[in-house]
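Colleague: Got a minute to look at a model with me? I have a few questions about the packing.

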Amino acid sequence: ITKVFTALLLADAVQRREVQLDTPVSDLLPPGVTVPSKDKQVITLEHLALHSSSLPRLPASLPTTATDPYATYSEDLLYRDLIATQLEHPPGTMIVYSNFGYGLLGFALGRKIGGGYAKVMSERILKPLGLADTYVTPPPGAPNRVQGTNDDFATMPFWTWDVLAGAGTIVSTVKDQLTLIDAELDAAAGGK
């Protein structure tokens, strides 16, 4: 569900004219951070939102065998992986599911708007929609949180998200998801 919320944050930023869909993601990152491109096609915010950036599913430095792989993935690693990544296809030409891309989208929006992903998500999306049981970082003992398991049904720890939070950090309840769906349907019908 996090990617839906990250896309809502992008839509909000576009609506407020803070960014445009065709804004290169490099414009939202520090000077000197090189974002990969191919055939003179740069990665835009729209490419990230549509999984058409050509970024791989996961960044190269992510410790995929760790029980909490995203916990130690830092801003420095993100920048290093962006610089080192070679795209197989020009952005916008293929759909390839990418946690790397969506995490980058959330991170870039948090930088652009100010305060980071968790702060802007809470202020711009969660609070205005009244989603009291939806969390970017669940508090200890958050109600109704189901413990995950691995393929052998052994209990696994909750993941801790850092710089790639826009790809998967949000925890919510069914009630809050129904509230979100109701707001989406109202907006589609011309409401506020």
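Colleague: Which residues in helix H3 are buried?

Modeller: In H3 (residues 75-84), Leu77, Leu78, Tyr79, Asp81 and Leu82 are buried, buried being under 20% relative accessible area with a 1.4 Å probe and protein chains only. This is a predicted model, where local features need pLDDT of at least 70, side-chain atom pairs count only at pLDDT 80 or more, and totals for chains, interfaces and linings use all residues. Residues are numbered from 1 along each chain as its sequence is written, and side-chain values use heavy atoms, with hydrogens and water left out.

Colleague: What covers the buried residues of H3?

Modeller: The cover includes helix H4 (99-113).

Colleague: Other topic. At what angle do H1 and H6 pack?

Modeller: About 40°, with the axes of H1 (residues 2-15) and H6 (residues 174-188) 13 Å apart. That makes H1 oblique to H6, since oblique is what remains outside under 35 degrees (roughly parallel), over 145 (roughly antiparallel) and 65 to 115 (roughly perpendicular).

Colleague: Which residues meet there?

Modeller: Val4, Phe5 and Leu8 of H1 meet Gln177, Leu180 and Glu184 of H6; contact means heavy atoms within 4.5 Å. By class, the H1 contact with H6 has four nonpolar, one polar and one charged residues.

Colleague: And Thr169, where is that found?

Modeller: In the loop between helix H5 (117-126) and H6.

Colleague: Why does Thr169 count as buried?

Modeller: Because its relative accessibility is 7%. Leaving aside neighbours within four places in sequence, Thr169 is in contact with Thr2, Tyr117, Tyr135, Val136 and Trp161.

Definitions and conventions. Axes are lines fitted to C-alpha atoms, for helices over the stretch in contact, and angles run from 0 to 180 degrees between N-to-C directions. Helices (H or I, at least four residues) and strands (E, at least two) are DSSP runs, numbered from the N terminus. Ala, Val, Leu, Ile, Met, Phe, Trp, Tyr, Cys and Pro count as nonpolar, Asp, Glu, Lys and Arg as charged, and the others, Gly among them, as polar. Buried means under 20% relative accessible area, exposed over 50%, partly exposed in between (1.4 Å probe, protein chains only).
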